[in-house]
Each structure stands twice: as structure tokens, then as C-alpha cells.
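Student: I've got a structure to look at and I'm not sure where to begin. Can we go through it together?

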Amino acid sequence: MLKLAFEYINYLRRAKNRHGIHSPFVYKLSDEILRLPLKLEDQEIIKTYVSSLRRSQETIDFHEFGSGSKLMGQRRKVTDMQKNSSSKGKFGRLLYRLSSSLNDNAKILEFGTSLGVGTLHLHLGNKNAVIHTLEACPNTFRFTTDNFPKWVDSENVHFHNQTFLDYLNRSELPLFDLVFVDGHHDGEALAIYMEMLKKCTHADTIFVLDDIRWSSSMWLNWNKLVNSSDFHVSIDLFRMGILVPRPQQRKEAFYLWFEDWKMW
């Protein structure tokens, strides 16, 4: 069992703000990208959608394909799912900002659509980027595709009712510039996905991994990825972690102070 209180104290001891960072790439990410303001109109869109989820009276019979939620059972209220979403608040803003930093022709992969809050942040951050988002649970998939804002360009946002493995086993996949892994929450499964993702990512792909301290297995495999030769940049934000291959730079691991931190 991972002791979060101890881990958070350890994280605080190591975490730096942008003034303590000597890597130009990470400094730019911290000083520019993570500080980008969200457009007011985008904030209103997000607020409206999240408010609709909070007001929802629906319940979803959830089909679990991963290690399972620590907070919710199989029958889940939409309001509770929204409350426990990892893509709300500052972590949703993180996705928005990372998406904003990409080129207009960028391609984004999201593992774990859930209610689409993260998907919406990713889309609003870069409306020209093509997003492929996966949700294995058919009932959650149905709710989200029925309730997701209808004005979203369907040519740019593609919802897939598939498991991560089924999608990654496709014979043809685009090269993704940003990959957000939010689902399954099992360290061994994460290791498999990351190995399979090599065929559809490149040297500058940004990987965002949620709940790196969810369990001992998640924390163990996060550290294996950090120490592997596949990634030369790792950034620990406590709840989430960022990995970038970037073989052109010296291997470094960062603990970055992410302001407005909240316990989940």
C-alpha cells in the first residue's frame, strides 16, 4: 500500500518552481505552457458542460476493464463520476495547455474518455488537432457521446468504444503528438501500453500519465519508465506524470511544483 501522505512530503522536498529548472525545454514548459491563460469563452464552455454533469440524475452501470475505482462501485452516479474525475480543475487546465502548445495538425490520443471532461479540455486547447479518445465501458461511452457538446467538430474528435489493447492492435495508427493515459490504473498494464505505443509515437511525443501514485504497482512502473532509456525527460506533478523521449537531450528527472495543488 502506497502511503500518499509520506509520498507528498517527499514530493514537496524535491519539487522546484520554474526558477530552479536548468533544462530549457522543461523551463519553457513550466514558464510558458503551464501558465497559459484559458480563453474566457472556453472557460464558459467547460463550466457549462461540467455544470450539466453535476445536475445529471443519471446512473451508469459501469463495466470495469481496469483495476477499479477506489471510490465508486459498479453502479455509478454521473455526479459522483464528475466529482472524482482526474480531468477537472487544474489537471484539466494542464491538458488544455499542453494541447494548446501543439501544432494545428497535431494528433492526440486519450485512454479513458469517461464523461469527456478531459476530451473537451484537449479539444478546446487546440480545435484543429485530431483527437482519438477511447472508452471501453459501453454504458459510459453511450452517455458521453449522447451528452457531449454537439457543436464539437466530429471530424476532429473521434470516440471509440474499445479497450486500449484492441485499439493499439490495429494495423494502422497515426503518429500521436500527445498521449493521455487515464484508465486501468494497473502498473503492469501501463507498461504493456507504453511498449505498444512506441509504434505510433515519436521522439517529441508528450505522454501524460494519470494517478502515478494510485497503487504500488503504478508507482513502481512509473519509476521504471523514468529510469528507462526510452525517456530522457520526466516530470513528476505528484498526481500526474509527464514523459517525453527527447533523445537529443541529457536524461533528467524533474519534480515540478504545480501551483493550486488539491488532494483528490
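Student: Okay, what is the chain built from, in helices and strands?

Tutor: Keep in mind that this is a predicted model. Going along the chain, you can pick out both kinds of element. The count comes to 10 helices and 10 strands.

Student: What radius of gyration does the chain have, and what would a compact globule have?

Tutor: Start from the length, which is 264 residues. A compact globule with that many residues would have a radius of gyration near 18 Å, so the chain's own value agrees with that. For the chain, the value is 17 Å.

Student: And what does the C-alpha trace span along its principal axes?

Tutor: There are three axes to go through, so you get three numbers. They are about 50 × 40 × 40 Å.

Student: How much of the chain is buried?

Tutor: A residue counts as buried when its relative accessible area is under 20%. Apply that to the 264 residues, and the buried share is 53%.

Student: Which residues have the most contacts inside the largest nonpolar core, and which helix gives it the largest share?

Tutor: In soluble globular proteins, nonpolar side chains tend to be buried together. Here the largest nonpolar core has 45 residues, and those with the most contacts inside it are Leu94, Leu98, Leu178, Val208, Ile235 and Ile242. The largest share of this core, five residues, comes from helix H5 (residues 89-100).

Student: Take Ile242, then: which residues does Ile242 touch, leaving aside its neighbours within four places in sequence?

Tutor: Contact needs heavy atoms within 4.5 Å. With those sequence neighbours set aside, the partners of Ile242 are Leu98, Ile206, Phe207, Val208, Trp222, Val233, Ser234, Ile235 and Leu237.

Student: Is Gln249 buried or exposed?

Tutor: First find Gln249: it's in the loop between strand E9 (241-244) and strand E10 (252-255). Its relative accessible area is 13%. The cut-off for buried is under 20%, so Gln249 is buried.

Student: Which side chain makes a polar contact with the side chain of Gln249?

Tutor: Leaving aside neighbours within four places in sequence, Gln249 is in contact with Ser23, Phe25, His232 and Val233. The polar contact is a separate matter: it is 2.7 Å and joins the side chain of Gln249 to that of Arg246.

Student: Last one: how many disulfides does the structure hold?

Tutor: A disulfide is a covalent bond between the sulfur atoms of two cysteines. Among the cysteines here, Cys137 is buried at 0% relative accessibility, and Cys200 is buried at 0% too. As for disulfides, the structure holds zero.

How values were computed
Residues are numbered from 1 along each chain as its sequence is written. This is a predicted model: local features need pLDDT of at least 70, side-chain atom pairs count only at pLDDT 80 or more; totals for chains, interfaces and linings use all residues. Side-chain values use heavy atoms; hydrogens and water are left out. Helices (H or I, at least four residues) and strands (E, at least two) are DSSP runs, numbered from the N terminus. Buried means under 20% relative accessible area, exposed over 50%, partly exposed in between (1.4 Å probe, protein chains only). A polar contact is a pair of N or O atoms within 3.5 Å; within protein, one must be able to donate a hydrogen and the other to accept it, and residues adjacent in sequence count only if both atoms are side-chain atoms. A disulfide is a pair of cysteine sulfur atoms within 2.5 Å. The radius of gyration is taken over C-alpha atoms; the globule rule is 2.2 Å times the number of residues to the power 0.38. A nonpolar core is a set of buried Ala, Val, Leu, Ile, Met, Phe, Trp, Tyr and Cys residues joined through side-chain atoms within 4.5 Å.
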